[in-house]
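User: Hello! Could you teach me how to read the features of this structure, step by step?

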Amino acid sequence: MTEWSILWDAREIFFNGLIATLGLFSLSIICAFVLGCVLVYQLEDDSVLSKALRLLINLMRTLPFLILAYLLYYGLPQLGLRMSAWTAGLLALIVYHAAYFAEILRGCRLIMPEGYVEAAKAHGFTPLRLYLRIVLPQLVIKTRPLLGNQLIIALKDTAFLTIITLQELTAAANSVQSTYFIPTQAFVVVIVLYWLISICLELALKRAARFGAKRGFDYV
Amino acid sequence: MSEYTSPANVPAVSIKRMSKSFGDIEVLRDIDLVVNKGEVVSVLGSSGSGKSTMLRCINWLEEPDRGTIHIAGQRIGINEQAGRKMNNKELATLRAKTGMVFQGFNLWPHLSVIQNVMEAPIYVKGMPKEQARVIAIELLEKVGLADKHDAFPFTLSGGQKQRVAIARALAMSPEVILFDEPTSALDPERVGEVLTVMKNLSKEGYTMIVVTHEMEFARAVSDQVVFLEKGLIIEKAPPAKFFSNPETERVRKFLEISA
């Protein structure tokens, strides 16, 4: 019983860690999603740029996330580019998950019937408007379950950033367990917290499914 | 964008010596066609004769290899002043003057019926939403779908979808509407409702180019009937002459089989 009261006393550490994790997660996935959408737009043309981006996306996807975080935080200073743990961690999350978001949307774009695009072209849509108004909304509606899955992966990837000294939720648990030697209880607390965030995400995604269901894309 | 309307004597569409190949296959050869304002031109021919490709070249969904196409006096695809191909923006400006109705409807599934009709006026022409809504309501009434504003495309029958697609094309007040086999994907009972709408449009003076297999429609509504065979226009005549006294053996046979 005393272990749990120690944890209660250390609640501020957990709370600060939770806030850091939530901030890190929401900021990074918003930026990653926007960047992913921009990447897919750039892939619409068959240009040198789009080929280079495809390569970059594939490189990202084959790189373990932890190594990317290491590279940005410990590797770049060797080249004279020093970032705070927060900047490096955010950047790693954004770039890494943008590649995955792009790949999810790209896969869906490949199988989207060309008729919708042709109809928009025939009505005078310019490429950017066409992408934003006609293509992207359909991609997002159709890939909702995959995007949701990616969000949960991104949430869990924030835990890696404890290794580059970022004081997020996992770092909080680690600091409590090493101070008071109660690893099991400390980690159980953060597992529950990660789990609760994931459940909230799942619920939000379930609600979002109604939007697609109303339009005949999805079933609820 | 200004509401540019061309002088009455300029044809809505004018095609000169247009050719197009897909690889080694020549699908269109030296197509010449003038469609005046208010005219309805039906394009007939067997599958693979190049009808759809011809239509798709008019708004540059397919790029012809040779020849010129003018929409209301303006050359499409090539910026003649600059001596280069049109960029996407220039192409879009000209495409906005043509409407198109597809065999497979191609309504945007994430948008409601009225949003489908309002979308291009708002995001292509920059029309205020309220004004676009007024126009959309009027057009949906015209095609007999006043009660379907907020329905989503997947809940509609084929005939209803195609009528929404027609309203969507009309919303841009195009110089010409291109119909690419608009009734071919419909079951026989639904064909009539779409053809009725199209007949009414012709009476209202819309310029239309219709690729179709509907002989009755072509006979009753067209000002000109064009017959394509292996990428060539082998016959071009008013419907009365085309259907009663065709010049070529090929058209005679085609009409016999279709009758």
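**Where the chains meet**

Analyst: Happily! In this predicted model, 23 residues of chain A are in contact with 25 residues of chain B, contact being heavy atoms within 4.5 Å. Residues are numbered from 1 along each chain as its sequence is written, and chains are lettered from A in the order in which they are written. Local features need pLDDT of at least 70, side-chain atom pairs count only at pLDDT 80 or more, and totals for chains, interfaces and linings use all residues, while side-chain values use heavy atoms, leaving out hydrogens and water.

User: What area is buried between chain A and chain B?

Analyst: Buried area is the accessible area (1.4 Å probe) that two parts lose on being put together, summed over both. Here the value is about 2,200 Å², with 65% given by carbon and sulfur atoms. A:His123, A:Arg133 and A:Arg215 supply 29% of what chain A buries against chain B, more than any other three residues.

User: How many salt bridges cross the interface of chain A and chain B?

Analyst: A salt bridge is a side-chain nitrogen of Lys or Arg within 4 Å of a carboxyl oxygen of Asp or Glu. The rule finds two across this interface. A:Arg133 forms a salt bridge with B:Glu119, with the closest N and O atoms 2.6 Å apart.

User: What does the UniProt annotation of chain A cover?

Analyst: An annotation may be inferred rather than shown by experiment. The unreviewed UniProt entry gives "domain: ABC transmembrane type-1" for residues 18–205 of chain A. That span is 80% helix and 0% strand, where helices (H or I, at least four residues) and strands (E, at least two) are DSSP runs.
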